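This report introduces a structure to a reader who has not met it before. It treats an internal cavity, the salt bridges and one helix in turn.

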Amino acid sequence: MSFDQKINAFFSRYVLQYKKKYSKHYYYIYADYVELLSLFSNENFVTIDDFLDRMEENLILDKRFLFTNEDDEDLENETSEEENQNDLDENRAELNDLKQRFAESIFRVLSERSSLFGDDYPFLVEHNRVILKDNTNLTNRNKVYLCLLLCSSLDIFKAFMPYLTTEFEVISYHALRNFMPPHAEVKSFGKNSDYTGLAKEKIEALARDMKIEINTVAFSQISNRNRQEKGLDLIAWIPFDDATPNMLCILCQCACEKEWNGKLAEAGRYNNYYNFHRQKPLSSLFIPYNIVGLNRKDFIRNDEISIDAIIFERKRILNYLENLDFFETLYSYRLVQKCIDYQEPVV
């Protein structure tokens with residue numbers, strides 16, 4: 001099926017459904033959901049009540065969700081609170097208050113995003129209402145934001161997963177290129193690799209470009225038939241004009257899945273393949289989620305970041321995108337435009 005056929009099939013009468021339940025403290029995921037509601041509502045406002053209605057229709061706001069602690073372990077293994085829930089169940093006012101407070105907390109996140117992203121934010125947030133900006137006022141930077149929103153919602157856009165994940169690497173490449181100084185080298189090594197051939201051939205070619213020796217023991221353990229050694233999507237380094245392999249190097253992984261923290265250590269495996277001198281490469285992870293805030297001193301889910309790494313999330317990626325001519329050539333741009341033009345049918 002062609003890309004155009006997939007778009008036509010997906011949007012024939014699409015109604016946004018969200019049935020995957022995450023812990024309440026993953027509020028950035030629920031904020032993304034409200035943005036998707038607003039995107040598909042087109043010129044219509046999405047209110048707190050609209051959000052609550054959808055959450056209840058999709059069985060998200062059940063008693064277990066509302067009464068559990070913020071801890072994931074409590075969410076999965078709730079036992080001690082169950083004995084008290086019968087009494088709480090009888091108090092409908094308290095139940096409704098919990099729902100309202102949860103929804104209001106998500107809308108506060110959206111209000112903060114509006115301030116955080118400024119003109120790059122494609123939505124208007126006011127009086128606990130969210131609406132997509134008028135199409136004529138949407139810039140390409142707004143559309144990149146929407147593209148990152150789609151990339152963070154692969155569970156909804158499964159039909160377009162190959163396009164979104166591949167082109168998220170393209171967007172990440174341009175952000176990394178602008179982050180690094182002009183004389184740095186930046187290469188793609190994942191789905192859009194600058195190198196051809198088998199995995200070993202690509203690794204050898206990259207070693208020649210970096211003027212660095214290969215660790216033959218680790219290298220020998222790669223299958224001779226392997227075409228893509230996982231773990232490295234982008235690499236950047238600042239070269240010197242001598243032959244000593246002592247330099248600043250960044251190994252980057254791009255991850256769109258909700259459990260992106262599981263990808264943190266993958267790029268580091270390339271430390272084993274090359275003999276760097278006196279300075280190991282830095283690890284970096286590109287994700288399409290928004291995990292920084294206006295005044296936060298750490299990342300959302302900071303306790304789940306298991307290694308020292310430079311994280312490029314939604315805000316940071318947008319900060320380092322300049323010339324966006326490349327974006328209009330992507331399938332993702334066409335998908336974003338279709339989402340903007342589409343209006344969810346009333347059901």
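In this predicted model, the count of cavities of 30 Å³ or more comes to 1. The largest cavity has a volume of about 40 Å³. Its lining is formed by Y18, I29, D32, Y33, L36, S152, S153 and K258. By class, 4 of the lining residues are nonpolar, 2 are polar and 2 are charged.

One of the lining residues, D32, also belongs to a network of salt bridges that links D32, E35, R113 and R314. Side chains of opposite charge can pair when their charged atoms come close. The count of salt bridges in the model comes to 15; the table gives some of them.

| Salt bridge | Closest N to O distance |
|---|---|
| E35 and R314 | 3.7 Å |
| R301 and E259 | 3.0 Å |
| E304 and R301 | 2.8 Å |

Which parts of the chain does the salt bridge between E35 and R314 link? E35 and R314 form a salt bridge with their closest N and O atoms 3.7 Å apart. This pair links distant parts of the chain, since E35 belongs to helix α2 (residues 27-41) and R314 to helix α12 (residues 314-319), 279 residues apart. Both E35 and R314 are buried.

A salt bridge also joins the side chains of R301 and E259, at 3.0 Å from N to O. R301 lies in the loop between β7 (282-286) and β8 (310-312), and E259 in the loop between β6 (248-254) and β7, so this pair ties together parts that are 42 residues apart in sequence. Because buried means under 20% relative accessible area, R301 counts as buried at 5% relative accessibility. E259, in contrast, counts as partly exposed at 41% relative accessibility. R301 meets E304 in a salt bridge as well, at 2.8 Å from N to O.

The last element considered here is helix α10 (residues 199-210). At 1.5 Å a residue, its 12 residues should span 16 Å, and the end C-alpha atoms are 17 Å apart, which agrees. The buried residues of α10 are A199, K200, K202, I203, A205, L206, A207 and M210. These buried residues pack against α11 (216-220), β5 (234-238) and β6. Strand β6 also borders the loop that holds E259. Just after α10, K211 takes a positive phi of about 55°.

Conventions:
Residues numbered from 1 in each chain as written. Predicted model: local features only at pLDDT ≥ 70, side-chain atom pairs only at ≥ 80, totals over all residues. Heavy atoms only, no water. Salt bridge = Lys/Arg side-chain N within 4 Å of Asp/Glu carboxyl O. Helix = DSSP H or I, 4+ residues; strand = E, 2+ residues; numbered from the N terminus. Buried < 20%, exposed > 50% of the residue type's maximum accessible area, 1.4 Å probe, protein only. 1 Å grid on protein atoms, 1.4 Å probe; cavity = no way out; pocket = protein on both sides within 12 Å on 5 of 7 lines; lining within 4 Å. Points joined across faces, edges and corners; volume = space filled by probe spheres on them. Nonpolar A, V, L, I, M, F, W, Y, C, P; charged D, E, K, R; others polar. Expected span 1.5 Å × (residues − 1). Contact = heavy atoms within 4.5 Å.
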